[in-house]
Amino acid sequence: MATEVKVPTLGESVTEATVGQWLKKPGEAVKADEPIVSLETDKVAVDVPSPVAGVMGDLVAKEGDTVEVGALLAYVNEGAAAASAPAAAAAPAAKAEAAAPAPAASAPAASDDEEGGSLTLSPAVRRLVLEHGLDPSKIKGTGKDGRLTKDDVTAAVAAGTAKAAAATPASAPAADAPAAGPSRKQERVKMTRLRQTVAKRLKEAQNNAALLTTYNDVDMTNVIEARAKYKDLFEKKHGVRLGFMGFFTKAVCMALKDIPGVNAQIEGDEIVYNDFADISVAVSAPTGLVVPVIRNAESLSVAAIEKTIGGFGKKAKEGKLTMEDMKGGTFTISNGGVFGSLLSSPIINPPQSAVLGLHRIEDRPVVRNGQIVIRPMMYLALSYDHRLIDGREAVTFLVAVKNAIEDPTRLLIDL
């Protein structure tokens, strides 16, 4: 008996999705609750599980199709009879293969679907693999069910592993090789639904908000020393590494209490002030930048914040972030410094009214007590909606964050 697989409820206000990747092909055995297709929504990728155990049947929707909630995706043929179908179908194929002539030694290379054995590559990963001439079967996948991610391919390129699958034979004389001209290849890849949504929302922010960015710098000396002194004890006690985001999140929460307008938002002709701090943290995922939310960050310890962020990072890498993880948020922290950014002007995440951009730490000469000394400095950038937040409030907020980071004792005594 064939069981229908339909698009599940995707979350509040989400009515449609894009078929991102089929994880099972017709004729393959599937287990109950085993993911068979990945759907891309405006915020996250959602894996749809098989409702029954059996064999994958016909696929109704193709990769790239837009499907609405409740739409038919595929069929799963359930039961023991269905499970034996691949074996039964394999017998005639085996006979036909036996009757066919033996393949020549120069058989054609595997197709995209067979690339790297049984690997199934997303368009973005396939593009990177082809661009660098890599053998995907030699790259260890860290994504869901061992799938390759863009980070896996990038790491392989940096490490110099996963060389091209088909190298030129050593016996071939170099003189016979034709001169390679400049490559002028082009490839068109449809934007993912997540990327389309990001582009739309960021452009809306530029069109609707009166964006302004205020900059400052912060001396990271004391935070670096505190982290170096306590990181081993911290990790031993809490089971998570002590990073800088815990300090900055606490500093932001303190500053938001002093300057509540930075934590507010505009709804029509009203200003909504929030007495809680739901901090969105920008996290890099294989499909793009996502912003899961730390709920009630103002009431969490540094350890709880670090654990939450670490959990988000792991879920993002594995493609397991949920709609609930992404929902809401009153203020955003974006850390471009982990990628080496020196200075940037971040764009707010509507309906939020402000975003704090962190950047790389760099030794620079500064004046302290009339002397030029070298200090580990970081630029801070606060972008905000000038319709709601005045320059005085923005500067005051940024200085409050700066003071808390330069003197972490303030975080303990709420000063």
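1. A residue is called buried when its relative accessible area is under 20%, exposed when that area is over 50%, and partly exposed in between. By this scale Leu202, with a relative accessible area of 33%, is partly exposed. The model discussed in this note is a predicted one, and the points below should be read with that in mind.

2. Leu202 belongs to helix H5, which covers residues 193–208. Together with Leu211 and Ile347, Leu202 makes up a nonpolar patch on the surface, and the accessible area of the three residues together is about 190 Å².

3. Turning to charged pairs, a search of the whole structure gives 11 salt bridges. One of them joins the side chains of Lys6 and Glu4, with a distance of 3.5 Å from N to O. Lys6 is partly exposed, its relative accessible area being 44%, and Glu4 is likewise partly exposed, at 41%.

4. A further salt bridge connects Arg375 with Asp219, whose closest N and O atoms are 3.7 Å apart. This pair links distant parts of the chain, since Arg375 lies in strand S19 (residues 371–385) and Asp219 in strand S9 (residues 211–219), with the two positions 156 residues apart in the numbering. Which of the two partners is buried? It is Asp219, with a relative accessible area of 8%, whereas Arg375, at 26%, counts as partly exposed.

5. Arg364 deserves a point of its own, as it appears in two contacts. In a salt bridge with Glu362, the closest N and O atoms are 3.7 Å apart, and the charged end of Arg364 also sits over the ring of Tyr379, 4.1 Å from the ring centre. Arg364 is buried, because its relative accessibility of 13% falls under the 20% limit. Its salt-bridge partner Glu362, by contrast, is partly exposed, with a relative accessible area of 26%. Elsewhere, Asp217, Lys402 and Glu406 are joined into one network by salt bridges that share partners.

6. Another arginine placed over a ring is Arg227, which lies over the face of Phe244 at 5.1 Å from the ring centre.

7. How many aromatic pairs does a search of the whole structure find? There is one, formed by Phe331 and Phe397, and its geometry is tilted, with 5.5 Å from centre to centre and 50 degrees between the planes. Phe331 is in strand S16 (residues 331–335) and Phe397 is in helix H10 (residues 391–406), so the pair ties together parts that lie 66 residues apart in sequence. Phe331 is buried, with 0% relative accessibility, and Phe397 is buried as well, its relative accessible area also being 0%.

8. The last point concerns a sheet. Four strands form an open sheet with antiparallel pairing, in the order S1-S8-S6-S3. Strand S1 (2–6) and strand S3 (29–30) stand at the edges and have a single partner strand each, so one side of each is left without a neighbour in the sheet. Within the sheet, strand S6 (residues 54–59) pairs with strand S8 (residues 72–78) in the antiparallel sense over four bridges, and Met56 has Val76 in S8 as its bridge partner.

Methods: Residues are numbered from 1 along each chain as its sequence is written. This is a predicted model: local features need pLDDT of at least 70, side-chain atom pairs count only at pLDDT 80 or more; totals for chains, interfaces and linings use all residues. Side-chain values use heavy atoms; hydrogens and water are left out. A salt bridge is a side-chain nitrogen of Lys or Arg within 4 Å of a carboxyl oxygen of Asp or Glu. Buried means under 20% relative accessible area, exposed over 50%, partly exposed in between (1.4 Å probe, protein chains only). Rings of Phe, Tyr and Trp (its six-membered ring) pair if their centres lie within 6.5 Å; planes under 30 degrees apart count as stacked, over 60 as edge-to-face and the rest as tilted. A charge sits over a ring if NZ of Lys or CZ of Arg is within 6 Å of the ring centre and within 35 degrees of the ring normal. Two strands pair if DSSP finds at least two bridges between them. Patches are made of residues with over 30% relative accessible area and no salt bridge: like charges are joined within 9 Å, nonpolar side chains (Val, Leu, Ile, Met, Phe, Trp, Tyr) within 5 Å. Accessible areas come from the Shrake-Rupley method with a 1.4 Å probe; for residues, only the protein chains shown count as cover.
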